[in-house]
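The exercises below ask you to work through side-chain contacts, burial and backbone geometry with the sequence and the model open beside you. Please attempt each task before reading its solution.

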Amino acid sequence: QVQLVESGGGLVQPGGSLRLSCAASGIIFRLYTMNWYRQAPGNQRELVAAITSGGRTNYTDSVKGRFTISRDNAKNTVYLQMNSLKPDDTAVYYCNANRMNGLGQTVGYWGQGTQVTVSS
């Protein structure tokens with residue numbers, strides 16, 4: 001079965017850094033767009049960063065210049081390097097994999113989430 005397993009979350013002071021990892025199994029990883037979402041208490045889940053199968057990246061405005069998404073297809077893993085962290089970055093971060101199948105339908109999978117807390 002498909003599994004997306006996030007790791008790397010934790011407590012960090014403002015201005016600090018964390019690197020999240022998401023290891024995928026059960027999918028042909030290189031075919032999928034990989035995304036990082038986050039959800040803070042009381043807020044909707046929002047897309048933070050995405051990387052396509054071809055390596056094109058996209059970021060939400062609030063993290064541009066601070067976060068970097070990357071992927072290693074040999075390791076079936078996607079990363080999110082987070083620098084200059086702010087208290088507003090506090091949230092549960094979720095890994096998502098999706099692609100379009102031959103019928104034009106979106107096929108997607110989610111990880112269980114990892115908590116990131118930015119606080120002094």
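**Exercise 1. Find the arginines whose charged ends sit over aromatic rings, and follow the rings to their aromatic partners.**

Solution. Begin with R45, whose charged end sits over the ring of W110 at 4.7 Å from the ring centre; keep in mind throughout that the model is a predicted one. In the next step, R71 is found with its charged end over the ring of F29, 4.6 Å from the centre of that ring. Returning to W110, one sees that this residue forms one aromatic cluster together with Y37 and Y94.

**Exercise 2. Count the aromatic pairs, and describe the one formed by Y32 and Y109.**

Solution. Pairs are counted when the ring centres lie within 6.5 Å, and by this rule the count comes to three aromatic pairs. Y32 and Y109 form a tilted pair, with 6.3 Å from centre to centre and 50° between the planes. Y32 belongs to the loop between strand 3 (18-25) and strand 4 (33-39), while Y109 belongs to strand 10 (residues 106-110), so the pair ties together parts that are 77 residues apart in sequence. As for accessibility, Y32 is buried at a relative accessible area of 5%, whereas Y109 is partly exposed at 28%.

**Exercise 3. Locate the disulfide, give its handedness, and state which elements it joins.**

Solution. A search of the whole structure finds one disulfide, formed by C22 and C95 with their sulfur atoms 2.1 Å apart. C22 lies in strand 3 and C95 in strand 9 (residues 91-100), so the pair ties together parts that are 73 residues apart in sequence. The torsion about the S-S bond of C22 and C95 is about -80°, and the disulfide is therefore left-handed. Both C22 and C95 are buried.

**Exercise 4. Decide whether T52 and R66 are buried or exposed, and list their contacts beyond four places in sequence.**

Solution. The cut-off for buried is under 20% relative accessible area. T52, which is placed in the loop between strand 5 (46-51) and strand 6 (57-59), has a value of 17% and is therefore buried. Its contacts, leaving aside neighbours within four places in sequence, are Y32, T33 and R71. R66, in the loop between strand 6 and strand 7 (67-72), is likewise buried, with a relative accessible area of 10%. The side chain of R66 makes a polar contact of 2.8 Å with the side chain of D89, and residues touched by R66, again not counting those up to four places away, include Q81, M82 and S84.

**Exercise 5. Describe the largest nonpolar core, and examine the surroundings of L80.**

Solution. The largest nonpolar core has 29 residues, and those with the most contacts inside it are M34, W36, V78, L80, M82 and Y93. Among the elements that give two or more residues to this core are strand 3, strand 4, strand 8 (77-82) and strand 11 (114-118). L80 touches, not counting residues up to four places away in sequence, a set that includes L20, W36, F67, I69 and Y93.

**Exercise 6. Identify where N76 and S84 lie, and state what sets their backbone apart.**

Solution. Most residues other than glycine have a negative phi. N76, in the loop between strand 7 and strand 8, nevertheless has a positive phi of about 55°, and N76 is partly exposed at 26% relative accessible area. S84, in the loop between strand 8 and strand 9, has a positive phi of about 50° although it is not a glycine, and S84 is partly exposed at 41%.

Notes: Residues are numbered from 1 along each chain as its sequence is written. This is a predicted model: local features need pLDDT of at least 70, side-chain atom pairs count only at pLDDT 80 or more; totals for chains, interfaces and linings use all residues. Side-chain values use heavy atoms; hydrogens and water are left out. Rings of Phe, Tyr and Trp (its six-membered ring) pair if their centres lie within 6.5 Å; planes under 30 degrees apart count as stacked, over 60 as edge-to-face and the rest as tilted. Helices (H or I, at least four residues) and strands (E, at least two) are DSSP runs, numbered from the N terminus. Buried means under 20% relative accessible area, exposed over 50%, partly exposed in between (1.4 Å probe, protein chains only). A charge sits over a ring if NZ of Lys or CZ of Arg is within 6 Å of the ring centre and within 35 degrees of the ring normal. A disulfide is a pair of cysteine sulfur atoms within 2.5 Å. Contact means heavy atoms within 4.5 Å. A polar contact is a pair of N or O atoms within 3.5 Å; within protein, one must be able to donate a hydrogen and the other to accept it, and residues adjacent in sequence count only if both atoms are side-chain atoms. A nonpolar core is a set of buried Ala, Val, Leu, Ile, Met, Phe, Trp, Tyr and Cys residues joined through side-chain atoms within 4.5 Å.
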